[in-house]
Amino acid sequence: MTEIIGGYFTSHVPAIGGAIAKGLQSDPYWKPFFDGFPPIRQWLNQEKPDVAVVFYNDHGLNFFLDKMPTFAVGAADEYQSADEGWGLPVYKTFTGDPALSWHIIEALVGDEFDITTCQKMFVDHAMSIPFELAWPNVDAWPVKLVPIAINTVQHPLPSAKRCLALGRAVGRALESWESDDKIVVMGTGGLSHQLDGARAGFINSDYDRFCLDHLMNDPEALVQDSIAGIVEKAGTQGVEILNWIAARGALGARPLAKRTENYHIPISNTAAASVVLEAV
Amino acid sequence: MSAMLASERQPIEGTTLFDGDMAQRGYALNAMCYSFNDAENREEFRRDEEAYCRKYHLTPGQRRAVADRDVLGMIAEGGNVYYLAKLAGIWGLNVQDLGAAQTGLSVDAFKAKLLSYSE
């Protein structure tokens with residue numbers, strides 16, 4: 001029987017990739033952020049998941065404005081990293097799990113989520129950095145990947161409520177997947193930050209704390225705001241909390257325990273967080 | 001909660017929502033920036049910025065904002081920061097440099113402002 005081990009949530013900003021490339025994990029500026037990850041690695045090494053189902057957003061590597069899917073599910077044999085234009089290394093290739101991808105796709109469309117399917121897609125730092133943080137210094141990623149991209153770039157974005165419902169539908173699909181696999185659900189991005197406009201540099205720790213406090217036991221609290229309301233509270237890029245909300249949805253109603261949580265301001269322009277919600 | 005149409009939204013101070021209007025206005029500029037995922041294109045831009053902007057049919061306002069390295073101007077002309085970051089990379093600027101440029105702060109002052117949130 002497929003086992004869902006829990007959820008791993010983390011910020012994914014490119015500067016983390018820069019810090020890893022330069023070996024700055026113990027630098028005083030970065031240490032408080034990287035200190036969040038040993039307990040996450042310990043959990044993953046103990047549980048040894050086979051597959052990661054990851055909710056993330058593309059930042060102009062795979063999707064451009066010519067075609068911008070609201071929800072896109074990868075269904076490829078492999079997913080490559082690529083040059084994003086501003087100096088991050090090209091990361092390791094991910095092995096896909098197309099059978100599970102198509103099972104999820106069938107289940108989602110059956111559930112009236114009319115998603116886009118991608119048999120070829122590049123995945124950017126929003127995928128690679130969370131993997132680098134979880135499994136540093138490995139020759140190959142130890143899990144197969146099913147990527148699910150949520151549009152956080154071009155408004156109108158899907159509502160938080162819809163993202164939670166999408167996640168819950170993915171969770172139901174995972175529960176009906178006949179396998180011996182252990183699956184970790186991931187949500188990447190956030191927390192509050194804003195890169196653009198005169199309000200650039202905006203951070204809102206009160207809202208971030210609210211999200212961290214309600215993610216596990218009351219995710220409905222996170223979906224009461226409109227997208228504009230979330231942007232106002234979390235910043236234009238803080239809206240990446242949608243990926244966390246969807247990932248939380250995929251964990252379903254099973255009992256959860258907060259295995260670890262770390263929150264730190266700032267890394268680059270961002271309030272950063274990492275969390276594991278463990279199925280118990 | 002009912003869906004909120006773009007026309008019904010209250011403006012957020014210092015913030016532009018990248019919606020359909022902006023996505024249409026900014027298409028050429030963003031398309032140029034998207035091309036910078038490719039190192040050869042970055043090099044071509046460096047060699048002849050004017051010709052490269054012409055090739056992507058930037059509007060006069062977009063061309064002016066790019067020539068002036070005017071980040072708020074590029075956003076006003078429909079630039080989206082995820083794509084503009086690739087152009088900024090060509091100029092050796094990161095998102096903290098962009099933040100400083102948009103807020104009128106020095107980079108050190110912008111970084112200090114971010115650090116102040118942790119206090």
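In chain B, contacts with a separation of 6 or more are drawn to 56% from residues 24 or more positions apart. This comes from a predicted model, which scores ipTM 0.95 and pTM 0.97. For chain B itself, the mean pLDDT is 93, and 93% of the residues reach 70 or more.

The secondary structure of chain B is pleasantly easy to describe: nine helices and zero strands. Read from the N terminus, the order of elements is α-α-α-α-α-α-α-α-α. Along the principal axes, a box of roughly 45 × 40 × 25 Å holds the C-alpha atoms of this chain. Chain B has 119 residues, of which 39% count as buried.

Attention now turns to the place where the two chains meet. Chain B brings 40 residues to the contact, and chain A brings 34 residues. On the chain A side, at least two residues each are supplied by α8 (227-234) and by β9 (256-267). The element that gives the most to this side is α8(A), with three residues. By residue class, the side of chain A that touches chain B comprises 15 nonpolar, 13 polar and six charged residues.

Strand β9(A), one of the elements that touch chain B, also leads into the sheet pairing of chain A. Nine bridges connect β9(A) with β10(A), and the two strands run antiparallel. Within this pairing, A:Lys258 has A:Leu277 of β10(A) as its bridge partner. The two strands form a hairpin with two residues between them, and here A:Ser268 adopts a positive phi near 50°.

Strand β10(A) has a further partner in β1 (residues 3-10) of chain A; these strands are antiparallel as well, and five bridges join them. One of the residue pairs involved is A:Gly6 with A:Glu278, the latter in β10(A). Strand β10(A) is thus bridged to β9(A) and to β1(A).

How many of the 10 residues of β10(A) are buried? The count is eight, over a strand that spans residues 270-279, so β10(A) is largely enclosed by the rest of the structure. For this count, a residue is taken as buried when 20 or more other C-beta atoms lie within 10 Å of its own.

Methods
Residues are numbered from 1 along each chain as its sequence is written. Chains are lettered from A and ligands numbered from 1 in the order in which they are written. This is a predicted model: local features need pLDDT of at least 70, side-chain atom pairs count only at pLDDT 80 or more; totals for chains, interfaces and linings use all residues. pLDDT is the predictor's confidence in each residue, from 0 to 100. Helices (H or I, at least four residues) and strands (E, at least two) are DSSP runs, numbered from the N terminus. A residue is buried if 20 or more other C-beta atoms lie within 10 Å of its own, exposed if 12 or fewer, and partly exposed in between; C-beta atoms are placed from the backbone. Two residues are in contact if their C-beta atoms, placed from the backbone, lie within 7 Å. Ala, Val, Leu, Ile, Met, Phe, Trp, Tyr, Cys and Pro count as nonpolar, Asp, Glu, Lys and Arg as charged, and the others, Gly among them, as polar. Two strands pair if DSSP finds at least two bridges between them.
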